[in-house]
Amino acid sequence: MNLILFGPPGAGKGTQAQFLVETYRIPQVSTGDMLRAAVKAGTPLGLKAQEIMTQGGLVSDDIVLGIVAERLAQDDCRSGFILDGFPRTIPQADALDAILKQAGRSIDHVVSLEVDNDEIVKRLSGRRSCPSCGKGYHVAFDAPLQADVCDVCGSGLVQRADDQEATVRNRLLVYEQQTAPLKDYYKSKNVLCSILGMGAIAEIQQRIISALVN
Ligand code: AP5
Ligand code: MG
């Protein structure tokens, strides 16, 4: 299954991707995670992306398309993938179509998680993640067993640099202006399913799975 998990910052894309990876045994391809790894490693690409990401803007289409094309060509993506945080602009969506078409593939479903802005601000201010294994948490809604310690690998949890309130506001604005129009783009291709992304994490997981089997 070739899937796009779509939605504003804090919609729960990363959280739901973790479940979908286990359910469908296909990898999560998160451009945000890949860019953060490049920033952490201090690669030339990471150095280019760092300032834009800290401000909550979009990294250039060229950079993002390069890393996605390379990732989708890897063996583990052969039986499918879950794109998380990509595409984010119409040119990215067009380029993705072209990459897949060349390989005789296409997108099967675009799952759009619908969450209101007040909820997003609450989610992002309490988000924590594990710098070692990548598992995500929320201090109130999805807390680790021991405060600030990863349940899976025992590392200390961290807060993302772009989860500061001013940056979150900019990310929401960028989403509305540049990314939300992709909903119409995928609606016209008959692959969009909109899911209510509010409520318990497990409930949303069930909604997604029901939408994918129908
Ligand atoms: P990226 O990493 O993709 O960030 P994002 O899209 O802003 O989304 P988030 O990761 O913040 O949210 P999420 O939907 O994954 O929510 P999560 O599951 O963590 O991108 C970061 C930056 O990289 C961009 O700003 C840009 O600069 C750059 N970039 C990335 N891709 C790019 C591209 N394609 N083009 C250009 N630039 C790109 O959940 C959030 C919190 O809520 C967690 O704490 C979680 O535990 C909690 N939570 C989840 N579900 C629920 C629930 N149902 N109830 C209560 N709490 C919940
Ligand atoms: Mg995420």
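In this predicted model, helix α1 is followed by R25, a residue whose phi is positive, near 55°. The helix that ends before R25 covers residues 13–24, and its packing is described below together with that of α5, which spans residues 90–102. Each of these two helices has a partner helix: the axes of α1 and α9 come within 10 Å, while those of α4 and α5 come within 11 Å.

**Helix α1 and its buried side**

- Helix α1 has 12 residues and reaches 16 Å from its first C-alpha to its last, close to the 16 Å expected at 1.5 Å a residue.
- The buried residues in α1 are K13, Q16, A17 and L20, and because they cover an arc of only 105° around the axis, they lie on the same side of α1.
- An α-helix has 3.6 residues a turn, so residues three or four places apart point the same way.
- The cover over the buried residues of α1 includes the strands β1 (2–6), β2 (28–30), β3 (81–84) and β4 (109–114), together with helix α9 (201–213).

**Packing of α1 against α9**

- The axes of α1 and α9 cross at roughly 50°, which makes α1 oblique to α9, and the crossing is right-handed.
- On the α1 side the contact is made by T15, Q16, F19, L20, T23 and Y24, and on the α9 side by I201, I204, Q205, I208, I209 and L212.
- Q16 and L20 of α1 therefore appear in two roles, being buried residues of the helix and also part of its contact with α9.

**Helix α5 and its two faces**

- Helix α5 has 13 residues and reaches 19 Å from its first C-alpha to its last, close to the 18 Å expected at 1.5 Å a residue.
- Q92, A93, L96 and L100 are the buried residues of α5, and they sit on the same side of the helix because they cover an arc of only 100° around its axis.
- The face of α5 turned away from this buried side carries K101 and Q102, which are exposed.
- Among the elements that cover the buried residues of α5 are β1, α4, β3 and α8 (182–187).

**Packing of α4 against α5**

- Helix α4 (residues 61–72) and helix α5 have axes that cross at roughly 30°, which makes α4 roughly parallel to α5, and this crossing is right-handed.
- D61, V64, L65, A69 and L72 in α4 meet P91, Q92, A95, L96, I99 and L100 in α5.

Key
Residues numbered from 1 in each chain as written. Chains lettered and ligands numbered in written order. Predicted model: local features only at pLDDT ≥ 70, side-chain atom pairs only at ≥ 80, totals over all residues. Heavy atoms only, no water. Helix = DSSP H or I, 4+ residues; strand = E, 2+ residues; numbered from the N terminus. Expected span 1.5 Å × (residues − 1). Buried < 20%, exposed > 50% of the residue type's maximum accessible area, 1.4 Å probe, protein only. Arc of directions from axis to C-beta. Contact = heavy atoms within 4.5 Å. Axes fitted to C-alpha atoms, helices over the stretch in contact; angles between N-to-C directions. Parallel < 35°, antiparallel > 145°, perpendicular 65-115°, else oblique. Left-handed = near helix turned anticlockwise from the far one by under 90°.
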